[in-house]
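This briefing concerns the structure shown below. Please keep the sequence and the model at hand while reading.

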Amino acid sequence: ARRGEPALEMIERVREIGHRAVAHVMDRAGIAAEVLKVFSHNAVDIVEISGRRLGIGWGVIRCGIDFASSSRQKRLVEELSAISGVRRVIDPDSPRVPLLEDLLPHRADAAVPLWTKAPPFQVGPALEDDQLFYGMEDQIATLAQTFQRATEVQTAEYVFVHGPLRTGKSSIVKRFLRARERDHQRPSIVVYEFAQGKTWREVVASVHDALQRLAGRGLRSNGTIEDALRDIRASERTPIVLAVDEAVGVFATADDDDVLSILAFAAAVRRIPSVLLVFVGPTAPLRLADVRLAHTLQVATAVPVANLTRRNVQRLLSAEQLAGTYRITVPDAVSNGVHALTRGNPYWVAELAMLMFSQNDHGLDATEVVFTEDLLSKAVALSLRRGLAFLDRRPQGTLERAIITSLLMSVAESPVPTALLADAVKSVTPYATRDAFRDALDALEQRGALLFENGWQIAAPILERYFRREFERSI
């Protein structure tokens, strides 16, 4: 979660003043008020508050809060998670995150650190540091090859990077964009737009403003994105990369005027040489989009996100690219166990890695650590108990709960065919229509709760364990 990306991370900790809440927020009107309203609604007093805008579109807010009981903390976590733009909420057991807290103004009674060692793992936000990025070589290569084709053949190219929630889509695209920005042999103009919750009109306005800033010259204020792209290409002959993250959500909610505007944009860009347009998002919402918009993405070069291989899980766990700072030993039994539990999902791998690192005997100051099977067991137990890594995968509504429950109760050892799953769900929710069942499956797949491989199954064993834990607690 970085510049221009709607995000909020809440870290509650025991400090001298009680608990401290640190919010990493997008710069949009009202989000801070929504955060503060949660504390007020739960009768939690704020005894200290400070904040700082740290870049275009993002900032950090810190709130020192009075003591809150565990039940009240749980309600805070749930209500903060429901705020539009919240990416994750971290409970008091979580390790400190220097990348957020050290960016804030220091309290008068706090010692100012002269040097802060960055943690070897990052959980949640899209990765901004190449040293924390592992795997996805094929996806990066496809993006690079498509860009090369656009520049050498002087064509316009479209790419669709797709996959479920929190599987690394944004991280892949941002890593590719950083490489373009650093390529002084073939300089290019790079624009990244996070479009979640926006209309196409808002995306157009934001992208046009970004192009005007980057071009370093005046563009027609009432012009379209197509006009801006043509003007830049005509004057500078510089390749342009335009990435629209969460574009699928924009397409799925587009009205008639937006549909025509998007189609006109797509047709115009095809006639502008050396432009690479990258759309990012899950495939499931395309069923809700106008068929013409769905076709626009279907004919693009597809870049499906894949889970990490066993080798890349091992590399991430051992922080291989930070070997000069950390020495983390990871036995095969531990790396294989993490891969089996997570199926290589980078978000859950990083979650378990960070928890193992924070639970070692020397704490967060350690530089030499051995990840033992005992540490892995503790990390899994803590992850399941907190449940924060799985909140956005939880079923929403009766029909989604019926689908998850049916899969948990299935005696089949292999994935469950759609027809068989529909029959099981029908016995629990007899009034559910076929379309409603299909929409519920799409929503669960989009959020990364379900995986379809010759049938339906829960996305990973660790998620299945979390669902079973919640199911047993609800009985």
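Which residues form one aromatic cluster? Phe 121, Tyr 326, Phe 357 and Phe 371 do so. The model is predicted, so that local features need pLDDT of at least 70 and side-chain atom pairs count only at pLDDT 80 or more, while totals for chains, interfaces and linings use all residues. Residues are numbered from 1 along each chain as its sequence is written, and side-chain values use heavy atoms, with hydrogens and water left out.

**Overall composition**

- The protein chain contains 18 helices and 14 strands; helices (H or I, at least four residues) and strands (E, at least two) are DSSP runs, numbered from the N terminus.
- Of its 475 residues, 53% count as buried, where buried means under 20% relative accessible area, exposed over 50%, and partly exposed in between (1.4 Å probe, protein chains only).
- Among contacts in the protein chain with a separation of 6 or more, 73% involve residues 24 or more positions apart; contact means heavy atoms within 4.5 Å.
- About 21,900 Å² of the protein chain is exposed, and carbon and sulfur atoms supply 52% of this area, according to the Shrake-Rupley method with a 1.4 Å probe, in which only the protein chains shown count as cover for residues.

**Aromatic pairs**

- A search of the whole structure finds 11 aromatic pairs; rings of Phe, Tyr and Trp (its six-membered ring) pair if their centres lie within 6.5 Å, and planes under 30 degrees apart count as stacked, over 60 as edge-to-face and the rest as tilted.
- The pair of Trp 200 and Phe 265 is tilted because the ring planes stand at 55°, with the centres 5.5 Å apart.
- This pair links distant parts of the chain, as Trp 200 lies in helix α6 (residues 200-215) and Phe 265 in helix α9 (residues 256-269), 65 residues apart.
- Trp 200 counts as buried at 3% relative accessibility, and Phe 265 is buried with a relative accessible area of 3%.
- Tyr 466 and Phe 467 form a tilted pair, with 6.0 Å from centre to centre and 50° between the planes; Tyr 466 and Phe 467 are both buried.

**Surroundings of Ile 262**

- Ile 262 is placed in helix α9 and counts as buried at 1% relative accessibility.
- Leaving aside residues up to four places away in sequence, Ile 262 touches Trp 200, Phe 251, Ala 254 and Leu 293.
- The C-alpha atoms of Ile 262 and Thr 296 are separated by 9.4 Å, although these residues are 34 residues apart along the chain.

**Helices α12 and α7**

- The buried residues of helix α12 (residues 332-342) include Val 334, Ser 335, Val 338 and His 339.
- Seen down the axis of α12, the buried residues fall within an arc of 165° and therefore line one face of the helix; the arc is that of the directions from the helix axis to the C-beta atoms.
- These buried residues of α12 pack against α11 (310-317), α13 (346-359), α14 (373-386) and α18 (461-474).
- Arg 343, which follows α12, has a positive phi near 55°.
- In helix α7 (residues 225-236), the buried residues include Ile 225, Glu 226, Asp 227 and Arg 233.
- Arg 237, just after α7, takes a positive phi of about 55°.

**Strands β7 and β8**

- Strand β7 (residues 189-194) is largely enclosed by the rest of the structure, because five of its six residues are buried.
- β7 pairs with strand β8 (residues 240-245) in the parallel sense over six bridges; two strands pair if DSSP finds at least two bridges between them.
- Tyr 192 has Ala 243, in β8, as its bridge partner.
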